[in-house]
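Let's take a stroll through a protein chain together, beginning with the overall plan and then stopping at a few spots along the way. Have the structure open and turn it as you read.

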Amino acid sequence: RLRRESVAARDAGARMQAHAAIVRLSGNELDPRRIVDVAMDRVREFLNLRAWLFLLSDPEQGLLTVERTCGEGMGAMKGRRFGMGEGVAGRAAQRRQPILLDDAGASAFGAADLPKPMPARSVLAVPLLSRGRLIGVVVAVDRLKAGHFTNQDARLLSLLLEPAAVAIDNAMLLRKSEELSITDDLTKLYNSR
């Protein structure tokens, strides 16, 4: 019993350290891509992930676009677009709740013509929300040692990525305000100043 308690305390300490590192590193960054990379490096290390994808939300078009990838075979998915409700990421975005799939394979991503990197034992898609808005979705593929994802992993991933979602949202708002300072919002032409 004491051993289980010490393992639980050590796990809680590791979670706190990972969360603190994500808050600290993403809070100082202004590039959304760099924020994703920093946060997911910590998450990948903590959860021992085989691969992951970050899909950025475009609410005007109702699409998710694969912006960042990590892991064998995932690079071919960069730039792919998925509709809300399409594949595991689209369902997570539509429901605004994590989605778990076991024995998913490439079909989890929503299109038959996608590259089949390797069969996936387990896939977890977590929506990133900031101020009630969908920023994007992180799709984690397989835990290398622990096997399948659990509901606890879904809660943990949501908690760890919450500060990164806010930082990404802030960085994108800053970038948009910089663009609006030099271009007209309606015509997209440069302002006279």
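What follows goes from the whole chain to one helix, and then to some charged pairs and two loops.

First things first: this is a predicted model. How many helices and strands should you look for? There are four helices and six strands. Walk along the sequence and they come in the order α-α-β-β-β-α-β-β-β-α. The chain has 193 residues, and 40% of them count as buried. Its accessible surface is about 10,900 Å², with carbon and sulfur atoms making up 51% of that. Now for how the chain meets itself: among contacts with a separation of 6 or more, 55% are between residues 24 or more positions apart.

Now zoom in on helix α2, which covers residues 32-47. With 16 residues at 1.5 Å a residue, α2 should span 22 Å, and its end C-alpha atoms are indeed 22 Å apart, so the two values agree. Several of its residues are buried, including Ile 35, Val 36, Ala 39, Met 40, Val 43 and Leu 47. It's handy to remember here that an α-helix has 3.6 residues a turn, so residues three or four places apart point the same way.

One buried residue of α2 deserves a longer stop: Asp 37. Why does Asp 37 count as buried? Its relative accessibility is 18%, and buried means under 20%, so Asp 37 falls on the buried side of the cut-off. Setting aside neighbours within four places in sequence, Asp 37 touches Trp 52 and Arg 68. With Arg 68 it forms a salt bridge, at 2.5 Å from N to O. This pair ties together distant parts of the chain, since Asp 37 is in helix α2 while Arg 68 is in strand β2 (residues 63-70), 31 residues apart. Arg 68 is buried as well, just like Asp 37.

That pairing has company. Side chains of opposite charge can pair when their charged atoms come close. In this chain, the count comes to five salt bridges. Another one joins Asp 169 and Arg 131, whose closest N and O atoms are 2.3 Å apart. Here, too, distant parts are linked: Asp 169 belongs to helix α4 and Arg 131 to the loop between β5 and β6, 38 residues apart. Are these two partners buried or exposed? Asp 169 is buried, with a relative accessible area of 2%, whereas Arg 131 is exposed, at 54%. A third pair is Asp 153 and Arg 143, with their closest N and O atoms 2.9 Å apart. Asp 153 is in helix α4 and Arg 143 in strand β6, 10 residues apart. Both Asp 153 and Arg 143 are buried. Shared partners also join Arg 131, Arg 133 and Asp 169 into one salt-bridge network.

While you're at helix α4 (residues 151-182), have a look at Ser 158. Ser 158 is partly exposed, at 28% relative accessible area. Beyond its sequence neighbours within four places, Ser 158 is in contact with Pro 98 and Val 126. Its C-alpha atom is 7.5 Å from that of Leu 128, 30 residues away along the chain.

Finally, let's visit the loops. Arg 131 has a positive phi of about 55°, although it is not a glycine. Asn 48, in the loop between α2 and β1 (49-58), also has a positive phi, near 55°. Asn 48 is partly exposed, with a relative accessible area of 24%.

How values were computed
Residues are numbered from 1 along each chain as its sequence is written. This is a predicted model: local features need pLDDT of at least 70, side-chain atom pairs count only at pLDDT 80 or more; totals for chains, interfaces and linings use all residues. Side-chain values use heavy atoms; hydrogens and water are left out. Helices (H or I, at least four residues) and strands (E, at least two) are DSSP runs, numbered from the N terminus. Buried means under 20% relative accessible area, exposed over 50%, partly exposed in between (1.4 Å probe, protein chains only). Contact means heavy atoms within 4.5 Å. Accessible areas come from the Shrake-Rupley method with a 1.4 Å probe; for residues, only the protein chains shown count as cover. The expected span of a helix is 1.5 Å times one less than its number of residues. A salt bridge is a side-chain nitrogen of Lys or Arg within 4 Å of a carboxyl oxygen of Asp or Glu.
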